[in-house]
Amino acid sequence: ETIGRNFERIVGQFPFHDALIEAAAVPGADARRWSYTKLNDDVDRLARALLALGVAKGDRIGIWSPNCAEWTILQYATAKIGAILVNVNPAYRSHELAFVVKQSGMRMLVTAPADRNSDYVGLARQALGECPELRELVFLPDFESEGLDGGVPQREQELTYAELLKRADAVGHSGLKARMAELDPHDSVNLQYTSGTTGFPKGATLTHHNILNNGFSIGELLRYTEHDRVVIPVPFYHCFGMVIGNLNALSHGAATIIPGRSFTPAAALEAVQDFGGTSLYGVPTMFIAELALPDFASYDLSTLRTGVMAGSLCPIEVMKRVISEMNMRDVAICYGMTETSPVSTMTRDGDTLEHRTQTVGRTMPRLESQVVDPATGDVLERGEIGELCTRGYAVMKGYWGQPDKTAEAIDAEGWMHTGDLARMDDEGYVVIEGRIKDMVIRGGENIYPREIEEFLYTHPAVQDVQVIGVPDAVYGEELMACIILKPGAGPLDAAAVADYCRGKLAHYKIPKYVDVRESFPMTVSGKVRKVEMREEAVARLG
Ligand code: ATP
Ligand code: MG
């Protein structure tokens, strides 16, 4: 089924359900709400407007905005007309924007109003000047601060969202139905750029079949129903927000709650409290920040039962507190990558605390996993560490415009090579050991930073920790622990850390360097950019 037809079926199924989206942009202020029926009407109006502008099947339409309800509306409107939505990272600036616009051959860019982080409109205008294929800019209004409009159109190719919607009158519902009938589940619907954790982002081309099935399947394992209210503080631009979040909730008739344009720990918890959230999403660092709020204990989180933690490994101490203090007893760990729609393994109800802290669960229904020797490609025995590979319906079509990169990533038998080191136990639980690129080789020993991070996390002064390898003349590489201290915690240096480790970790796993810092460089999807930390460390160590 295509997303559009699935959508119509859901709308028919839950005609009286009160809210699909509840956008509580500024907690405490009046929230904007959409019922299923209203959402369908708004999606159709936007879809007809896009048809009126002449958007053809397969045209690329970019969305460059922090989270807002219109993001979701555009996601479904483009799916209904067979256009390909290109998710543009809100952190991009002129150079990266121009790259994505050109690389994807984008014809329209829907742009957020300027905020304190970015002059989206100004940068989009610059891209319009530089990229001849880009034909239209659409400016979203500012829904949060009253009175401020997005961009004021200055030339023919620019229009406001309101002006765009007016075009819908030129195309009837029959026009939209006719387009929907032309679509095939295996048509591309989405061009999602990877997070860029390890290098420059690559555009994963995903089909209706890929992401609709993945979203639905995740919701089945989370036991979502129309009574669920899913709080999504993770960015829509990333598959975590748009598939694990939006599409999953939609395909089970659940409500989604958007706690504002970008993540703040307080807004996320307020959204749960004020809207009776049953499920809360986040990468581990978001949960760490929520648990660290000075007034954490004052939030009423009693409606929560589940949620999704994904994107990177979660320290055991954090998981324990999420389950016991945030009431998320069924919280699931999802593992995956943009290229696999994204989720390929996941924990299930009934999995133990150990499963949810030490593994990323088992392979999703209708997908396959295997662990291979990265050098030879041979399939390894259970328990051995190698590269994790995924096969099945969720694997992307390929990297947009990069057939060489696609051929490197997806082999002739259809296996997607993840670039992640993992092992699988006899019951099929997968343990992620880190990225192949992050493994440290010190004096010939393979060191997986995660093991040391887990250990250092138990130090009472440590709030968050990342371990990286830095070049060393004698050993090839040495370990550096980058540490964020808990508020008020005393100083911590390499000698103190070594004392703490001695007798508990093998000598070669004890970090030689300790770098106490305020924060880690992050991707917008919430992943720590170890690449950048290594570069900084190398520059500093000379
Ligand atoms: P790029 O491919 O551009 O370097 P990226 O790999 O971070 O960036 P994404 O597709 O957003 O881009 O992330 C997928 C990666 O995130 C996985 O390959 C894996 O390394 C990591 N990851 C995802 N989920 C988990 C998880 N639950 N536990 C550990 N790591 C995870
Ligand atoms: Mg990747």
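## Glu-22 and its surroundings

In this predicted model, Glu-22 is part of strand β1, which covers residues 21-23. Because its relative accessibility is 0%, Glu-22 counts as buried, the cut-off for that class being under 20% relative accessible area.

The side chain of Glu-22 is joined to that of Arg-229 by a polar contact of 2.6 Å. Leaving aside residues up to four places away in sequence, Glu-22 touches Arg-32, Arg-33 and Arg-229, and also Thr-256, Ile-257, Ile-258 and Phe-275.

## Backbone features in loops

Two residues other than glycine are described here for their positive phi values. Arg-223, with a phi of about 55°, is found in the loop that runs between helix α8 (208-221) and strand β10 (229-231). Asn-327, whose phi is near 70°, is found in the loop between helix α12 (316-325) and strand β14.

Arg-223 has a relative accessible area of 43% and is therefore partly exposed, and Asn-327, with a relative accessible area of 26%, is likewise partly exposed; this class takes in what lies between the buried limit of 20% and the exposed limit of 50%.

A further backbone feature is the cis peptide bond between Ser-341 and Pro-342, for which omega is about 10°. Pro-342 belongs to the loop between β14 (332-336) and β15 (343-346).

## A three-stranded open sheet

Three strands form an open sheet in the order β24-β25-β26, and their pairing is mixed. The edges of this sheet are β24 (462-472) and β26 (513-516), each of which pairs on one side only. From one strand to the next, the twist averages 25°.

Strand β25 (residues 476-485) pairs with β24 in the antiparallel sense, and the pairing extends over ten bridges. Within this pairing, Pro-471 has Glu-477 of β25 as its bridge partner.

## Helices packed on the sheet

Helix α15, formed by residues 449-457, packs on the sheet and touches β24 and β25, with its direction making about 145° with that of β24. Helix α17, formed by residues 530-541, also packs on the sheet, where it touches β24, β25 and β26, and its direction makes about 60° with that of β24.

Note on methods: Residues are numbered from 1 along each chain as its sequence is written. Chains are lettered from A and ligands numbered from 1 in the order in which they are written. This is a predicted model: local features need pLDDT of at least 70, side-chain atom pairs count only at pLDDT 80 or more; totals for chains, interfaces and linings use all residues. Side-chain values use heavy atoms; hydrogens and water are left out. Helices (H or I, at least four residues) and strands (E, at least two) are DSSP runs, numbered from the N terminus. Buried means under 20% relative accessible area, exposed over 50%, partly exposed in between (1.4 Å probe, protein chains only). A polar contact is a pair of N or O atoms within 3.5 Å; within protein, one must be able to donate a hydrogen and the other to accept it, and residues adjacent in sequence count only if both atoms are side-chain atoms. Contact means heavy atoms within 4.5 Å. Two strands pair if DSSP finds at least two bridges between them. Axes are lines fitted to C-alpha atoms, for helices over the stretch in contact, and angles run from 0 to 180 degrees between N-to-C directions.
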